[in-house]
Amino acid sequence: MRAMFLAGAMGLALSCSAASIASAAEVTIYCGSQSEELRLCREGAEAWAAGSGNTVRVLEAPERSDERYWRYLDRLERRDSSIDVYQIDVIWPSALAGHLLDLTPHVDPATLATHLPAIVANNTVGGELVAMPWFTDVGLLYYRADLLQKHGIPVPATYGDLAAAALRVQRAERAGGMPDLWGFVFQGNAYEGLTCNALEWIDAFGGRLLDEDGNVAINSPEAALALAQAASWVGTIAPPRVTRFVEEDARITFQLGNAVFMRNWPYAWALLNDKDSAVRDKVGVAPLPSGYAGGRRSAVLGGWQLAVSRYSRVQDEAVDLVRYLTSAAEQKRRAIEGSFAPTIAALYEDPEVLAATPFFAELRPTLAGAVARPSSPTGLRYAQVSTLFWEAAHATLSGYGSAQANLGALEDRLRLLQARGGW
């Protein structure tokens, strides 16, 4: 009798175990490439998997966002079901909307209302919420507070001030035994990061890529002045190789103690203050400079969202993973450990978040006034518009043609593109 009971119990246990295994799903998510970003994503996804009984596979996306976009688009247009969740840039919802699941029925309206309204609106295409806000980004100026204090220099308010301060500190410190020090590093490679940098420079001087009606407006004296000034930095206060720099190249150079100023995103803060960083406790953060005294301090809006593929075979589990990763608790963890700027407004007043990342207290106004890339007016044409723009900016930085000539050629190309297909 006891043997029969044990056999029955074992059979029941085996059948329950088999049922559990059968009902578990594997969800595949594309995350970022930067090491800390990838670590935090993997930790969050694995915590969700442990709590839900499912499994998760985390894939590393290409470092360059434009390469990531084309890889995503290739998979989605082939209706590839092997990727369930995509980490998408703030500029992609309109372009990818047709391939993404509407999350509106799956997200509590009260929860959605806690996120920054502008980002929710950005992720809503044709009345459908095609992505959940995960973290936001905005361009920032990082500076060596210790070196500015040493030389009695205030934080620069204009790009002219920045160039003068960078050159002064660079010369003095090189003479004092720091031959590898440069004044300023930024994202100068020919990719989407340069679009962000160049738009910040041009907007700070009063220029525009497109006007309010969506027409090409790039060939202006303001835009030419901004790009010409940026080109003058290369080889003087910025290393010649800055034209090959992406975010991590700039961050590593600055973190090694080899730059006075750096333009980068909020994520860099946590890494710069890591226990092994050469600049730990020596760094300040400020808004990016303006083009002229009293002018606009321009910063481009960035940020990343989580979207579920319409072709996923495990949509319910994928949606659940997205809800978990974009939750207040997870965004708080990421803000504290990785200085990833939350999309949930209340976290900018959270004492633990502000203790870890003090400049978040002043970040909200910068986010509110951030410059949007023209992805909404150009729609599916944005990738082409951005590519033509960064190619012209990169040519100018690299010394191939003047800013005025390159912007004139860019204007012609963009007008032809608009005339042929519209946007």
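Contact here means heavy atoms within 4.5 Å. Residues are numbered from 1 along each chain as its sequence is written, and side-chain values use heavy atoms, with hydrogens and water left out. The model is predicted: local features need pLDDT of at least 70 and side-chain atom pairs count only at pLDDT 80 or more, whereas totals for chains, interfaces and linings use all residues.

**The sheet**

Select β2 (55-60) and β6 (132-138) (strands are DSSP E runs of at least two residues and helices H or I runs of at least four, numbered from the N terminus). They belong to an open, mixed sheet of five strands, ordered β2-β1-β3-β11-β6. Because β2 and β6 stand at the edges, each with a single partner strand, one side of each lacks a neighbour in the sheet.

Next, add β11 (residues 301-308), which pairs with β6 in the antiparallel sense over six bridges; pairing requires at least two DSSP bridges between two strands. Within β11, Gly 302 is the bridge partner of Asp 137.

**The helices across it**

Select helix α3 (residues 65-77), which lies across β1, β3 and β11 and runs at about 140 degrees to β3. Angles run from 0 to 180 degrees between N-to-C directions, the axes being lines fitted to C-alpha atoms, for helices over the stretch in contact. Helix α2 (residues 35-52) lies across β1 (26-31), β2, β3 (85-89) and β6, at about 170 degrees to β2.

**Around Ile 218**

Finally, select Ile 218. Beyond its neighbours within four places in sequence, Ile 218 has contacts that include Ile 202, Arg 208, Phe 389 and Leu 414.
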